[in-house]
Amino acid sequence: MRTGRIIKSISGVYRVDADGEMFDTKPRGLFRKKKFSPIVGDIVDFEIENVTEGYIQHVHERRNELKRPPVSNIDHLIIVMSAVEPDFSTQLVDRFLVIAHSYGLNPRIIVTKKDMTSEEQIQRIEQYLVIYRNIGYSTQFVGKDDNIEAIFDAWGSGLAVLSGQSGVGKSTLLNAYQPDLSLETNQISKSLNRGKHTTRHVELFERKDGFVADTPGFSALDFDHIQKDEVKDYFLEIQEYGQACKFRNCNHIREPKCNVKAQVEAGNIAQFRYDHYVQLFEEIANRKERY
Ligand SMILES: Nc1nc2c(ncn2[C@@H]2O[C@H](COP(=O)(O)OP(=O)(O)OP(=O)(O)O)[C@@H](O)[C@H]2O)c(=O)[nH]1
Ligand SMILES: [Mg+2]
Ligand SMILES: [Zn+2]
């Protein structure tokens, strides 16, 4: 029996990296009956069938799991946003941060396409990045010719997952990190005003002391697993200032003696962060429960 990590999954075949040796594996029949599927990132025990093939016997318990795209045992979630095409959006950053925290992941922010961005826009985005840094997030703003290797290597060990809208430059970052990967990248379709999805599946690549995952761009974020009362915990500075509200379960909307609202007034919580919090809270509060 060998142990390895699933780095790729294509039509029921799971490629497993076992200390640098690759095996194409299939799950034993008993998995299928239990409606349980292995996903990329899983650590698995497998039985060797021949030099390149094997059968998965057991999937180790997942430390964490992102549902869309499906990938497990994530150490660093890298939120990739472009400055332009598609435009930088703090609303999207905030929503992505909420998703990351809801799955117990540790998010970082990379903004791309600095080289395509006007000086004025760069200044504006830098101002937002200072706010995110003050909340505690690591942020980077990069362009075509920046040293991506240093950034990727600074994350520390484990699996880093690049995630973000289609066309923001996830595969481009990976190609800059490891030019011999030659991953497919593409122009975004402006006429459709949304990304043409170039990357179609999750795949892990080797990185110093770990892996980095390229993923397909998402078109919609899913908050179905989040209850309205949880949202405040996923805006870290709101969570922190919220400790001093009069009511322990204060949602910082209409409650009296709310420290969060006071700190927004005082300029210690950015207005846009608070607005995005309220928007998401209300969206979730108004959603129709599906059964
Ligand atoms: N000038 C410039 N172009 C960039 C940069 N990053 C990405 N691009 C371009 O943006 C386009 C989309 O990049 P991709 O790497 O394919 O984007 P992606 O995030 O992998 O997209 P999906 O695979 O569809 O999710 C390509 O034409 C890239 O060349 C950058 O920093 N500077
Ligand atoms: Mg891609
Ligand atoms: Zn409050």
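Me: In this predicted model, what makes a pair of atoms a polar contact?
Reply: A polar contact is a pair of N or O atoms within 3.5 Å.

Me: Why is the pair formed by Thr-199 and ligand 1 called a polar contact?
Reply: An N or O atom in the side chain of Thr-199 is 2.8 Å from an oxygen atom of ligand 1. The cut-off is 3.5 Å, so the pair counts as a polar contact.

Me: Which backbone atoms are set against an oxygen atom of ligand 1 in this way?
Reply: A polar backbone atom of Gly-169 lies 2.9 Å from an oxygen atom of ligand 1, and for a backbone N or O atom of Val-168 the distance is 3.4 Å. Both values are within 3.5 Å, therefore both pairs qualify. Of the 660 Å² that ligand 1 exposes when taken alone, the protein buries 88%.

Me: What makes a residue of the shell around ligand 1 charged?
Reply: Asp, Glu, Lys and Arg count as charged. Five residues of the shell fall in that class, beside 14 polar and three nonpolar ones. Asp-115 and Lys-170 are among the residues that come nearest to ligand 1, so by this rule they are charged.

Me: How do you know that domain 2 and domain 3 are in contact?
Reply: Contact requires heavy atoms within 4.5 Å. By that criterion, 13 residues of domain 2 (66-214) touch 11 residues of domain 3 (228-285).

How values were computed
Residues numbered from 1 in each chain as written. Chains lettered and ligands numbered in written order. Predicted model: local features only at pLDDT ≥ 70, side-chain atom pairs only at ≥ 80, totals over all residues. Heavy atoms only, no water. Near = heavy atom within 4 Å. Polar contact = N/O pair within 3.5 Å; in protein donor to acceptor, adjacent residues only side chain to side chain. Areas by Shrake-Rupley, 256 points an atom, 1.4 Å probe, with all protein chains shown as cover. Domains from an automatic or database assignment.
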